[in-house]
Amino acid sequence: MEFKINKVNFEKVLNSIVRLIPPKSTHTVLQNIVLEAKADNINIEGTDLDIFIKKSLLGDIKKEGKVLIPGKKILEITHEANVEEISFKLKELNLQINAGNAQFNIPALDYQEFPETPSFPSKNWLTLSIDELNTMANATIFMVSKELSRRAMNGVLMQIKENWLNMVTTDGARLALYKKAQKGENGELILPPKVFDLLDISQAEEPLEIFLDERVVGLKFGSTTIIARLIEGPYPNYEAVIPKTFPGTCIVEKGLLEGALKRVSLVSSPTLKSVKFEFSKENILLSAASPDSGEAKEPVACNYEGEKMVVWYNAGFLLEIMRHINTNDIVFQLTSPSSASLIKPKEDDKLIYLLMPLRIDSYE
């Protein structure tokens with residue numbers, strides 16, 4: 001194998017492949033990537049055993065070949081190279097790299113030691129742009145559960161139902177739902193969150209095709225192919241927990257509430273981050289207290305309709321939700337002090353969040 005390749009293009013592709021390499025693994029082979037020179041293309045593959053990614057880019061190929069090399073080390077060498085083009089030459093299992101005056105000899109492995117890649121799924125389920133999928137993921141993925149015992153909730157639910165594409169995540173205390181009009185065959189899958197880290201957002205308008213099989217999903221965009229093992233379900237019935245009636249509705253300016261909540265939460269319980277919300281016609285009175293830090297309160301102007309209600313929220317959870325809402329005004333739809341509140345951008349029904357209140361008896 002022998003080829004030359006543009007340094008900038010090669011580094012960009014390596015970055016996205018190496019991102020998948022697990023930081024620690026008992027399978028040392030996973031620290032390696034496949035490098036293949038074939039026809040006019042340089043193909044690069046990596047995996048963490050749950051996700052397999054392959055990218056291609058053009059190169060000046062003198063001799064075809066295929067080898068397994070340490071991914072992070074090759075990326076470091078490429079990153080530090082101060083030349084426009086880098087040369088690679090394989091002699092037996094020794095990879096020679098020339099980057100201007102810098103020369104490297106890197107031990108390599110037989111590519112046949114790389115884990116077998118699953119077959120790419122045959123059923124074309126959905127096509128949308130990278131930007132559309134990335135927008136949905138950015139608004140929801142932060143709520144994926146970290147609790148390993150709840151395996152289905154460690155993933156992202158994608159569902160086509162009645163001409164709507166729904167993306168859902170939940171950690172048990174919160175739920176995110178992003179809805180997008182989408183024609184297609186009804187169906188659903190639970191994706192590993194890491195898949196979304198592999199999208200090339202620099203090609204926002206690039207069409208992305210999603211293919212389905214019983215246990216794996218395939219994604220194709222540009223010169224990239226991804227195969228991911230699906231997370232086994234069933235996913236929790238999210239529709240059953242979304243409230244239908246709301247005794248109270250509050251519209252509040254995001255910036256005002258965000259600032260007040262940050263200030264008041266400075267004295268809240270360091271573990272629960274509990275802040276009391278007293279909803280009334282013209283304002284929300286925020287208050288918090290803890291034995292070690294003292295007390296704080298601050299009113300925030302709002303437009304509230306409904307019965308007066310007192311609800312305790314985890315300030316950290318609520319602030320994280322607000323960071324993902326991109327409108328000036330936020331709508332709170334309240335059910336009761338002990339059941340989920342619905343939070344969403346004003347005049348935008350595509351995105352909703354549910355947040356369970358805290359049950360607090362102290363400092364009432």
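Two strands are said to pair if DSSP finds at least two bridges between them. With that in hand, a good place to enter this predicted model is Lys276, which stands opposite Ser287 in S20. The two strands concerned, S19 (residues 274-279) and S20 (residues 283-290), pair in the antiparallel sense over four bridges. S19 also pairs with S22, again in the antiparallel sense, and here there are six bridges. Within that second pairing, Ser274 has Asn314 of S22 as its bridge partner.

These strands belong to a wider arrangement. Twelve strands form an open sheet, with antiparallel pairing, in the order S14-S11-S12-S13-S25-S24-S23-S18-S21-S20-S19-S22. Its edges are strand S14 (187-191) and strand S22 (309-314), each of which pairs on one side only. On average, and with direction ignored, neighbouring strands of the sheet are turned by 25° against each other. Although S22 is an edge strand, S22 is mostly covered, with five of its six residues buried.

Stepping back, the protein has six helices and 25 strands. Of its 364 residues, 50% count as buried. The C-alpha atoms fill a box of roughly 75 × 50 × 35 Å, taken along the principal axes. Contacts that reach across the sequence are well represented: among those between residues at least 6 apart, 65% join residues at least 24 apart.

Helices also meet the sheet. Helix H3 (residues 130-140) packs on the sheet and touches strand S11 (156-161), strand S12 (164-170), strand S13 (174-181) and strand S25 (351-355). The direction of H3 makes about 160° with that of S13. Helix H6, in turn, lies across S13, S19, S22, strand S23 (329-334), strand S24 (341-345) and S25. With respect to S22, H6 runs at about 85°.

H6 has a helical partner as well. The axes of helix H5 (residues 254-264) and helix H6 (residues 315-323) come within 11 Å and cross at roughly 150°. Angles over 145 degrees count as roughly antiparallel, and H5 and H6 are therefore roughly antiparallel to each other. H5 passes H6 in a left-handed crossing. On the H5 side, the contact is made by Lys254, Leu257, Glu258, Leu261 and Lys262, while H6 contributes Ala315, Leu318, Leu319, Met322 and Arg323. By character, the residues of this contact divide into six nonpolar, no polar and four charged.

The buried residues of H5 are Lys254, Leu257, Glu258, Ala260, Leu261 and Val264. Their cover includes H6 together with strand S18 (248-253), S19, S20, strand S21 (294-306) and S23. Lys254, found in helix H5, deserves a closer look. Its relative accessible area is 14%, and since buried means under 20%, Lys254 counts as buried. Not counting residues up to four places away in sequence, Lys254 touches Met322, Arg323, Ile325, Thr327, Asn328, Asp329 and Ile330. One of these, Ile325, lies 71 residues from Lys254 in sequence, yet the two are 8.6 Å apart in space, C-alpha to C-alpha.

Another residue on that list, Asp329, is found in strand S23. At 25% relative accessibility, Asp329 counts as partly exposed, whereas Lys254 is buried. Leaving aside neighbours within four places in sequence, Asp329 is in contact with Ile251, Val252, Glu253, Lys254, Pro345 and Lys346. As a contrast in distance, the C-alpha atoms of Asp329 and Asn32, 297 residues apart along the chain, are separated by 48 Å.

Finally, Ser341 is found in strand S24. With a relative accessible area of 0%, Ser341 is buried. Residues up to four places away in sequence set aside, Ser341 touches Tyr313, Gln333, Leu334, Thr335, Tyr353, Leu354 and Leu355. S24, the strand that holds Ser341, stands between S25 and S23 in the order of the sheet, and S24 is among the strands that H6 lies across.

Methods:
Residues are numbered from 1 along each chain as its sequence is written. This is a predicted model: local features need pLDDT of at least 70, side-chain atom pairs count only at pLDDT 80 or more; totals for chains, interfaces and linings use all residues. Side-chain values use heavy atoms; hydrogens and water are left out. Axes are lines fitted to C-alpha atoms, for helices over the stretch in contact, and angles run from 0 to 180 degrees between N-to-C directions. Angles under 35 degrees count as roughly parallel, over 145 as roughly antiparallel, 65 to 115 as roughly perpendicular and the rest as oblique. A crossing is left-handed if the near helix is turned anticlockwise from the far one by less than a right angle, and right-handed if clockwise. Contact means heavy atoms within 4.5 Å. Ala, Val, Leu, Ile, Met, Phe, Trp, Tyr, Cys and Pro count as nonpolar, Asp, Glu, Lys and Arg as charged, and the others, Gly among them, as polar. Buried means under 20% relative accessible area, exposed over 50%, partly exposed in between (1.4 Å probe, protein chains only).
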